[in-house]
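Biologist: Please take a close look at the charged side-chain contacts of this chain. How are they placed, and what surrounds them?

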Amino acid sequence: MAIEQIKMPQLGESVTEGTISKWLVSVGDKVNKYDPLAEVMTDKVNAEVPSSFTGVIKELIAEEGETYEVGQVILTIETEGGGETAQDAPAETKAEDKTTAAPSASAPSAPAAPVKAADAPKGVRYSPAVLRLSQEHGIDLNQVTGTGGGGRITRKDLMKIIESGDIPTAAAAAAAPEKTEAPAPEAASKQAAPAPNVPVMPGDIEIPVTGVRKAIAANMLRSKHEAPHAWTMMEVDVTNLVEYRNSIKGEFKQKEGFNITFFAFFVKAVAQALKEFPQINSMWAGDKIIQKKDINISIAVATDDALFVPVIKAADEKTIKGIGREINDLALKVRTGKLTSAEMQGGTFTVNNTGSFGSVQSMGIINYPQAAILQVESIVKRPVVMNNGMIAVRDMVNLCMSLDHRVLDGLVCGRFLQRVKEILENTSKENTSIY
């Protein structure tokens, strides 16, 4: 007999911790190798952690709802022989209605060693997640009491401090009793605002903020905090496109088995324009800008309580039909909980179909670390003054683009949108094939 440990796996190259959302086994249960042991939630995906051994569950060390760093032991198994190590077993990732997506790698790998802070006391080590949060919010880690193993400071400890608004800064600690020194402007700008004191009246409903909603909020806040957003909009006449799509949709559905949507035409036009304006297909990387070779279009798919961003890979190489099929398949996987983490990785530019719920103008928050996001608004009939001076009723749509002004300037974005407009306005039965 031997006692083997199962550790918190690393579910992505930037993932440093996970939360045990649900145990799938109990002490005394017999499990086989690769049987699921627990559901783990990260800020990227939900995953089932498989067993690396065949044996009997000895102890559940981790608690449901608690967050643990990659590499921490979460349970032990009594086995009759050896097996592969916990981090070698593949983690089965799956999208659920309680999961939010982010364009990040999610392949399991060996746990990352904690990173030592440059200004930490000798011998003290912090995880990358703790260091990042402390730096973003100006938290002096010397003033934080950790609740992790051996008094280690965890991400959960810092999140409680951030939510409370009472940020322990180095400046405050160094101030004399009779004088309170204000924190440096940079640190002050990163401090979280205290939660508002909202009175709860009879009949009001309190809805707890889940880990998913917190992850979405954190990603949106990071995007708005780090990326200086600029915004532009262009009006497009898609009358010919609408007539073309409506003329083929019945026959297409009968032949292909799924609906050809307007959105597929928009994604194809964007992919073509990105190939002609590769600067748009870029990301900010601090001391450099990374211009991506592959054109992978992220599309936003919402459920009742979460937002998923699956990716259409190599969209510039696909036909309108091929893009339409992927949009249909990815949306179906999101709504049935079958979307995998691999299908949410590698996006380089996001196209959001805000027109699907009737919006005619909106300002999207950039899907960090991408450089831009395009909102495709609702197609509406409007009176338009034509070139000959006559007024005609046309199918019009607004394309709204948010851009990271560190990476992109208005000129190149304007030309990019102008090209998308040109492609869409020239889409017709005579000169466009969906195959």
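**Salt bridges and their setting**

Modeller: In this predicted model, lysine 318 is partly exposed, because its relative accessibility of 22% lies between the limits of 20% for buried and 50% for exposed. Its side chain meets that of glutamate 326 in a salt bridge, with an N to O distance of 3.3 Å. Glutamate 326 is likewise partly exposed, at a relative accessible area of 21%. Elsewhere, Glu256, Lys321 and Arg325 are joined into one network by salt bridges that share partners.

Within that network, lysine 321 bridges to glutamate 256, and the closest N and O atoms are 3.4 Å apart. This contact links distant parts of the chain: lysine 321 belongs to helix H8 (residues 320–336), glutamate 256 to helix H6 (residues 239–256), and 65 residues separate them. The two partners fall into separate accessibility classes. Lysine 321 is partly exposed at 23%, whereas glutamate 256 counts as buried because its 16% is under the 20% limit.

In total, the structure contains 13 salt bridges. One of them joins arginine 394 to aspartate 237, with 2.8 Å between the closest N and O atoms. Arginine 394 lies in strand E20 (residues 391–404) and aspartate 237 in strand E10, so this pair ties together parts that are 157 residues apart in sequence. Both arginine 394 and aspartate 237 are buried.

Strand E10, which covers residues 229–237, also holds tryptophan 231. Tryptophan 231 is partly exposed, at 31% relative accessibility. Together with Met233 and Met363, Trp231 forms a nonpolar patch on the surface, and the accessible area of the three residues together is about 280 Å².

Helix H2 (residues 155–164) provides a further view of burial. Its buried residues are Asp157, Leu158, Ile161 and Ile162. These four lie on the same side of H2, because they cover an arc of only 130° around the axis. An α-helix has 3.6 residues a turn, so residues three or four places apart point the same way. Glycine 165 follows H2 and has a positive phi, near 85°.

The strands offer another element of the setting. An open sheet of four strands has the order E1-E8-E6-E3, with antiparallel pairing. Strand E1 (2–7) and strand E3 (30–31) stand at its edges; each has a single partner strand, so one side of each is left without a neighbour in the sheet. Strands of a sheet pair through backbone hydrogen bonds, in either a parallel or an antiparallel manner. E1 and strand E8 (residues 73–79) run antiparallel and are joined by six bridges. In this pairing, lysine 7 stands opposite valine 73 of E8.

As regards covalent cross-links, the structure has zero disulfides. A disulfide is a covalent bond between the sulfur atoms of two cysteines. Cysteine 400 is buried, because its relative accessibility of 0% is under the 20% limit. Cysteine 413 is buried too, with a relative accessible area of 0%.

To return to the request, the contacts differ in their exposure. The bridge between arginine 394 and aspartate 237 has both partners buried. For the pair in H8 and H6, lysine 321 is partly exposed and glutamate 256 is buried. In the remaining pair described here, lysine 318 is partly exposed, as is glutamate 326.

Key
Residues are numbered from 1 along each chain as its sequence is written. This is a predicted model: local features need pLDDT of at least 70, side-chain atom pairs count only at pLDDT 80 or more; totals for chains, interfaces and linings use all residues. Side-chain values use heavy atoms; hydrogens and water are left out. A disulfide is a pair of cysteine sulfur atoms within 2.5 Å. Buried means under 20% relative accessible area, exposed over 50%, partly exposed in between (1.4 Å probe, protein chains only). Two strands pair if DSSP finds at least two bridges between them. Helices (H or I, at least four residues) and strands (E, at least two) are DSSP runs, numbered from the N terminus. Patches are made of residues with over 30% relative accessible area and no salt bridge: like charges are joined within 9 Å, nonpolar side chains (Val, Leu, Ile, Met, Phe, Trp, Tyr) within 5 Å. Accessible areas come from the Shrake-Rupley method with a 1.4 Å probe; for residues, only the protein chains shown count as cover. A salt bridge is a side-chain nitrogen of Lys or Arg within 4 Å of a carboxyl oxygen of Asp or Glu. The arc is that of the directions from the helix axis to the C-beta atoms.
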